[in-house]
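Please look over the sequence and the model shown here before reading on. The paragraphs that follow begin with a pocket and then turn to the parts of the protein around it.

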Amino acid sequence: MFEGYSLAELGSIFAMQGFAGLILFSVFVLMALGLAIIFGQMGVINMAHGEFMILGAYVTYLCSNFISSTVPALFPAYFFIAMILAFFASGALGMLVEWGMIRFLYRRPLDTLLATWGLSLILQQVFRSVFGAREVGVVLPDWLMGSVAVTDTIEVPINGLFVMALTIAITVVIYAVMFRSRWGQGVRAVMQNRTMAGAVGINTEKVDRYTFGLGCGIAGVAGSAFTMVGSTGPTSGQLYIVDTFLVVVFGGAQSLIGTIASAFTISQAQSTMEFFLSGSTAKVLTLLTVVVILMLRPQGLFVLKVRR
Amino acid sequence: MSSDKFDAGKPVGGLPSPLRRKLLLGMAALPAVGLLPRGALAQALPTDAVNTTKLAVTDSTVKVGILHSTTGTMAISETGSVQAEKLAIAQINEMGGVLGRKIEVIQEDGASDWPTFAEKARKLLVEDKVAAVFGCWTSASRKAVLPVFEQYNGMLYYPTFYEGLEQSKNVIYTGQEATQQILAGLDWVTKEKGAKSFFLIGSDYIWPRTSNKIARKHIEMKGQKVVGEEYFPLGHTQFNSVINKIKLTKPDVIYASVVGGSNVAFYKQMKAAGIDLNKQVLMTISVTEDEMLGIGGENIAGAYACMKYFQSLQNPNNEKFVAAFKAMWGANSVIGDVTQAGYLGPWLWKLTVEKAKSFDIDKIAVASEGIEFSGAPEGYVRVHGNHHLWSKTRVGRARPDGQFDVVYETADLIEPNPFPKGYQ
């Protein structure tokens, strides 16, 4: 499979593919971080995760339309405003859903699967009624569309860099919130032993609501970022949900580090194989590898040491 | 009766509503039958004579089915077809209907699910006894309903360009089959752009694979080279790897049959990776004005699309059609290739019924050969004995505003050839 390429070409192929893999990695991490919090920490199987992303994407679309028609001077910077709005829109909807539905279903993961699956269908229909069945085009500011030429063959897309930077920023913030703040300590305490946490005076209901909202909010930001690389339509969220669960489960559901490690493994494997094999074959091989590893190691790549 | 006389005339009867005026505004044409007082024709041709097989035809009405997905993943594409078919039916009714009978529509939702399509087709044919069905979009849905139409002897007008390798007495294919769409476009790009090497990229299912097989054979027969051929699962959103491969192999032409939402990712990522479609020739057979809405014109401007119809086509038929479509479905609606092919269905059926002087399916299947529709927005079409259309092939160049400039069209109608030698 290497025949026909010179050594120099192979060098740049691996460099380019490595970078393509890094972009894919960032996309996976963005998709999976929110779900890792909701599924990994709270044990809720959220099938509507993709729809929370698409809500973020639609918010971005509305924002771009609104700003380009009212204050065009702000347009180059609209993306940052859109991401913040997307976070709060998806987060607020998430909290509403937690209050109206999820809180009655804790400790019944299979029921959360059904309920959120229904929710995803309802949200799709709402998107279809409001925005129409067709995909909408989200216009990006020009500065996000170019690329940086490193060598003759290696060109780095700016929006890829942007997604990577965003991923790093969000990961750092999540890490700080979950592992370095009192609030995060409270979250982890509630998730590990709800009764005990309640007994020491933590308001567990409030923690649940904000945690779910945080997970959904991150999904909204991810959706906002994906308007740069993907489509925005009522059913686009479905495209992401399988990959997202794949990343989270493969990494070990309860470990945020595991999510990142698994996103890295899957993206690099897929990106490299895609170059030398065909796109569909690469996908099949990736899935096969994941299945085999999960058979040998059902708990995923990383697992927290907890007393059972 | 002759179908060539599409002079505009005054309609008779009907409700003087704003909708009616809107319809008239862009009505493609009014054949002579529209000038007769409504009902005169129906009396001249009694129901017993024009309907010997117990279809849902009365002295004043005839029922037809529309079978498309209005929910599920295909709703995005099929909505346009439904709109075009309803427009054509409204226009035909406005002119007095078919053989003096008003068309009544029974619409069913295939819900993007192939068994559902088969079930609804059965319902339309067995319970509703419709005289014709306009519907289906994906090849999978057509394959699912085909045995139903053959078993219960129904007539389906199918609007999508498709891979060919099929022919049925019970189906009229109003879109192009693969050879019609592909060969002329490849010849054009070879001649105009001096193309010698091609990179084929598509979604992974039957239509792109068959189309690329035909394209590859044609390319290699002329001594040109295919430097890459890649397929990605439906809905795939990461094309960075294949874009790298395209950069490395430097093909003269990227030949794309990526479908649906994947297109958005594909073109946005190409642009971000520094591939300028004004310099790199790209020809697509799957991006219409509908997909352009999602992709964003600025991301695909400069690309060439090869199909039989573009909204910007300049001829009197099309100008009326576009105006009528927008009057009925909103000023922001766009019309793609398949939408126009959907519009042809009810008109071809009407002309065939009037030629056969009968609603009987068997008579229509035979009478279809040679039916000509000069009011077609794409210009002019003719039905071949193999139930496909003779049609022109055109190349359009994508503009930033989401429309295409037509840069080339074949001089003559191309004969449909659903079973090309050596491609099966």
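**The pocket and its surroundings**

The largest pocket holds about 1200 Å³ of space, where a pocket, on a 1 Å grid over the protein atoms alone, is an open set of points where a 1.4 Å probe fits, with protein on both sides within 12 Å along at least five of seven lines, and a volume is the space filled by probe spheres set on the points, which are joined across faces, edges and corners. This is a predicted model, in which local features need pLDDT of at least 70 and side-chain atom pairs count only at pLDDT 80 or more, while totals for chains, interfaces and linings use all residues. Residues are numbered from 1 along each chain as its sequence is written, chains are lettered from A and ligands numbered from 1 in the order in which they are written, and side-chain values use heavy atoms, with hydrogens and water left out.

The lining of this pocket (residues with an atom within 4 Å of a point) comprises 45 residues, and B:Thr73, B:Met74, B:Leu234, B:Val259 and B:Gly260 lie nearest the centre. Helices and strands are DSSP runs numbered from the N terminus, helices being H or I of at least four residues and strands E of at least two; among the elements that give two or more residues to the lining are α9 (237-251) of chain A and α14 (337-356) of chain B, whereas the largest share, five residues, comes from α4(A).

By an automatic or database domain assignment, chain B has domain 1 (2-176 + 312-390) and domain 2 (178-307 + 396-409). Both domains give residues to the lining of the largest pocket, so the pocket lies between them. Their C-alpha centres lie 31 Å apart, and the contact (heavy atoms within 4.5 Å) takes 15 residues from domain 1 of chain B and 17 residues from domain 2 of chain B.

Chain B also contains an open sheet of seven strands with mixed pairing, in the order β7-β6-β8-β9-β10-β14-β15, where two strands pair if DSSP finds at least two bridges between them. Its edge strands, β7 (225-232) and β15 (404-409) of chain B, each pair on one side only. Within this sheet, β6 (residues 197-203) and β8 (residues 253-257) of chain B pair in the parallel sense over five bridges, with B:Phe198 opposite B:Val253 in β8(B).

A further open sheet in chain B has three strands, ordered β11-β12-β13, with antiparallel pairing. Here β11 (372-373) and β13 (389-390) of chain B stand at the edges with a single partner strand each, so one side of each is left without a neighbour in the sheet.
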